[in-house]
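Let's take a quick look at how one helix sits among its neighbours. Have the structure open while you read.

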Amino acid sequence: MQIRRLREGRGYSLEQLAERSGLSFRGLIYIEHGQRSPSVPTLLDIAAGSM
């Protein structure tokens, strides 16, 4: 939920964040919906993509 709030606060769509972070669109959906717990490297990729 926190990742979604931050993503939306920066004005990124899921597609944009996936492209910027190098992660899959589907993977981000699973993370945002709490169906998958991201590893630390994945969280770092998300953070780098949202800058």
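### One helix and its surroundings

Helix H2 runs over residues 14-21, and its buried residues are Leu14, Leu17, Ala18 and Ser21. These four sit on the same side of H2, because the arc they cover around the axis is only 100 degrees. That fits a general rule: an α-helix has 3.6 residues a turn, so residues three or four places apart point the same way. Keep in mind that this is a predicted model.

What covers that buried set? Three helices are included in the cover:

| Covering helix | Residues |
|---|---|
| H1 | 2-9 |
| H3 | 25-32 |
| H4 | 40-49 |

Now for the pairing of H2 with H3. Their axes are 9 Å apart and the packing angle is about 115 degrees, so the two helices are roughly perpendicular to each other. The crossing of H2 past H3 is right-handed. On the H2 side the contact is made by Leu14, Glu15, Leu17 and Ala18, and on the H3 side by Phe25, Leu28, Ile29 and Glu32. Sorted by type, the contact residues come out as six nonpolar, two charged and no polar.

Just after H2 comes Gly22, with a positive phi near 80 degrees.

One more residue deserves a look. Ser50 is found in the segment after H4. Is Ser50 buried or exposed? Its relative accessible area is 15%, and the cut-off for buried is under 20%, so Ser50 counts as buried. Leaving out residues up to four places away in sequence, Ser50 touches Arg10, Tyr12, Leu17 and Arg20.

Terms used:
Residues are numbered from 1 along each chain as its sequence is written. This is a predicted model: local features need pLDDT of at least 70, side-chain atom pairs count only at pLDDT 80 or more; totals for chains, interfaces and linings use all residues. Side-chain values use heavy atoms; hydrogens and water are left out. Buried means under 20% relative accessible area, exposed over 50%, partly exposed in between (1.4 Å probe, protein chains only). The arc is that of the directions from the helix axis to the C-beta atoms. Contact means heavy atoms within 4.5 Å. Axes are lines fitted to C-alpha atoms, for helices over the stretch in contact, and angles run from 0 to 180 degrees between N-to-C directions. Angles under 35 degrees count as roughly parallel, over 145 as roughly antiparallel, 65 to 115 as roughly perpendicular and the rest as oblique. A crossing is left-handed if the near helix is turned anticlockwise from the far one by less than a right angle, and right-handed if clockwise. Ala, Val, Leu, Ile, Met, Phe, Trp, Tyr, Cys and Pro count as nonpolar, Asp, Glu, Lys and Arg as charged, and the others, Gly among them, as polar.
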